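Student: I should like to work through a model and its ligand with you, one question at a time. Could you show me the structure before we begin?

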Amino acid sequence: MSVIADNCPDIEVTLVDIDHKKIAAWNDKNLSNLPIFEPGLKEVVSRNRNKNLFFSTDIENSIKNADMVFISVNTPTKNKGFGAGYASDLKWVESCARQVSKYSKGHTIIVEKSTVPVKTAELIEEILVSNKKVKSVNKKTFSVLSSPEFLAEGTAIKDLENPDRVLIGGSDKFAINQLKDIYLRWIPEEKILLTNIWSSELSKLIANAFLAQRVSSINSISALCESTGADIKEVVKAIGSDKRIGNKFLSPGPGFGGSCFKKDILNLVYLCRFYKLDTVAEYWEQVMLINNWQKQRISSLVVEKLYGTVSNKKILMLGFSFKSNTNDTRESPAIGIAKDLIENGAELLLNDPKVTKNQIEKEIGIRELEIDKISFGKWEFVNDIYEASTGADAVILITDWDKYENLNWEKISNLLRKPSWIFDTRGIITDDLLQKIDSNFWQVGYPMTNS
Ligand code: UGA
C-alpha cells in the first residue's frame, strides 16, 4: 500500500487495523519503530505518510470513504475443526467482508490481496450481497477482484517497484480497469496479466508450491551430495546453467520458513483431497515432509557430531529470522532446531541482527529446562558474537545474513573450545576461508568425505 501511495500521489491510501498498538507503531515519529523491518520501507513510508498515506483505526469511516478496499488480513492454517492442520482459516477475511458490507457506500471494489484458497472470492461476494435490506436502502454495489501478492520479504520494495507480473482476476471489466489503471502508473502493461478469478487465486498457491518444491528438491539432493562425495555447489552450477531449469531458488539450506510456503502447500493438499485427487495431494505433501526432515536431520547431526551429546555444551546459533533482511520469524527453521538442541541439554547462545530477544522468547517459550531441579538446556540472547564464541563448543549458522558471511571466521574458530565444530546450514563459508579454520566443519551439501 505504501508503494501504491508512493507511485500515485493523487490517490489517498488508508491502512486500517483493529490493533491500536500496531497502528500507533506505524504512526510513530521514530521510523525505526515501524512494526516491520524491510529494506527501503522506512523511506517509502516517510516520503508519503500523512500526505496520501494514512494509518488509522477508524475502520467505519475509512470503508465509507473508499472506492476500493484491499483485504490483506492473514489466513493462517486452521488448528482445530474441519480441515485442521491443512485448510486456511478464513475468519478474518469473512469479518472484513462483513464490515465492508456494513459500512461501504455506493459502488465498492473489493480486492482480495490475502493468499486464500480457491473460491474465496465467491464467499466474499456471497457475504457482500447477502445484506439485501441495507443494499436496497443505500444502493450499495460491489465488485470482487483477486490480485494476489508475489513480493518476497527482504526484497519487498524492489519486488513491488519492479514485479515480474501483476495478476488481476475477475469478470467485471470496469473494476479490472480501475485496478489496472493504478498499476499502470509504474508497471508496463505487458506485465499486468488478466485472468478469471479462480485461476488468479490458484496461481498464487501454485507459484508458492513450485518455489517450495524447488527448495525441498535441492535440500534432498544436498543430503545425497554429503553421502556420495558430490558437491552441491557444483551440482547447482551445472543444472542451473540449463535455461529450462534456471539458476534461481536453488540454494540448499536448513529448510524453508516464512508464513506462506507451508500454509499454501497444506492448502493445496487440502484442496486436492477435497476434489478426491489423493495421489496429487500426496505428491505435494512430500514437499513438506522433506522440509521437516531437513530441519530434523540438521539438529540430529549437530548432536551426533558433538560426540552424541550436547548436554551442557555451549552452542552459538547465528540467525533466527526465516531468511536474511527480515525480522520475521514465522515458521523459521531456527525455531525447531533451537528447541531440539535445548531439549537435548545444550546451552544455546542466540544472535540475530534484527530479531529481538522478546520475539525469540515468543517462539521458543522456554528459557531453561529443569530435570530434578538441575538445569538442563537453556538459551540466552547474545550481542557480541566473538565474546559468545569464546569457549563455545560449536557455532551453527542458520540465517543467510550478509553480516555472518563477513565475520572473521578464523578468529571465531580460534576462540572455540577444541575439538570444535562449525555447522554452516546455508553454504556461505567459502573454500578459501575453510583453509584457515581450525575447527571441524560441516556444510550443507558439502561432501563429507572431504571434511
Ligand atoms: C515467498 C515467495 O517467494 C513470494 O513470491 C510470495 O509472495 C511470498 O512467499 C508470500 O506468499 O507471501 P517469502 O516467504 O517472503 O516469499 O521468502 P522466499 O524468498 O520465498 O523464501 C522462503 C524460504 O525459502 C526462506 O526460508 C528461504 O531461506 C528459503 N529458500 C529460498 C532456500 O532455502 N533456498 C532458496 O534457494 C530460496
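**Domains, interface and ligand**

Tutor: In this predicted model, the C-alpha centres of domain 1 and domain 2 lie 33 Å apart.

Student: How many residues does the contact take from domain 1 and from domain 2?
Tutor: The domain assignment places residues 2–204 in domain 1 and residues 205–451 in domain 2. Between these domains, the contact takes 25 residues from domain 1, and from domain 2 it takes 23 residues.

Student: Which three residues supply 40% of the area that domain 1 buries against domain 2?
Tutor: About 1900 Å² is buried between domain 1 and domain 2, with 52% of this area coming from carbon and sulfur atoms. On the side of domain 1, no other three residues supply more of the area buried against domain 2 than Phe-37, Tyr-86 and Glu-153.

Student: With which residue does Glu-153 form a salt bridge?
Tutor: Across the interface of the two domains, 13 residue pairs are in polar contact, and the rule finds one salt bridge. On the side of domain 1 that touches domain 2, the residues divide into 13 nonpolar, eight polar and four charged. For Glu-153, the closest N and O atoms of the salt bridge are 3.7 Å apart, within the 4 Å cut-off. The partner of Glu-153 is Arg-330.

Student: How many residues surround the ligand?
Tutor: The closest are Phe-150, Leu-151, Glu-153, Lys-204 and Ser-251. Glu-153 is also one of the three leading contributors to the area that domain 1 buries against domain 2. The number of residues surrounding the ligand is 19.

Student: What percentage of the area that the ligand exposes when taken alone does the protein bury?
Tutor: Polar side-chain atoms of Asn-208 and Lys-323 lie 2.7 Å and 2.8 Å, respectively, from an oxygen atom of the ligand. A polar backbone atom of Ser-251 is 2.7 Å from a nitrogen atom of the ligand. Of the 710 Å² that the ligand exposes when taken alone, the protein buries 89%.

Note on methods
Residues numbered from 1 in each chain as written. Predicted model: local features only at pLDDT ≥ 70, side-chain atom pairs only at ≥ 80, totals over all residues. Heavy atoms only, no water. Domains from an automatic or database assignment. Contact = heavy atoms within 4.5 Å. Buried area = accessible area lost by both parts, 1.4 Å probe. Salt bridge = Lys/Arg side-chain N within 4 Å of Asp/Glu carboxyl O. Polar contact = N/O pair within 3.5 Å; in protein donor to acceptor, adjacent residues only side chain to side chain. Nonpolar A, V, L, I, M, F, W, Y, C, P; charged D, E, K, R; others polar. Near = heavy atom within 4 Å. Areas by Shrake-Rupley, 256 points an atom, 1.4 Å probe, with all protein chains shown as cover.
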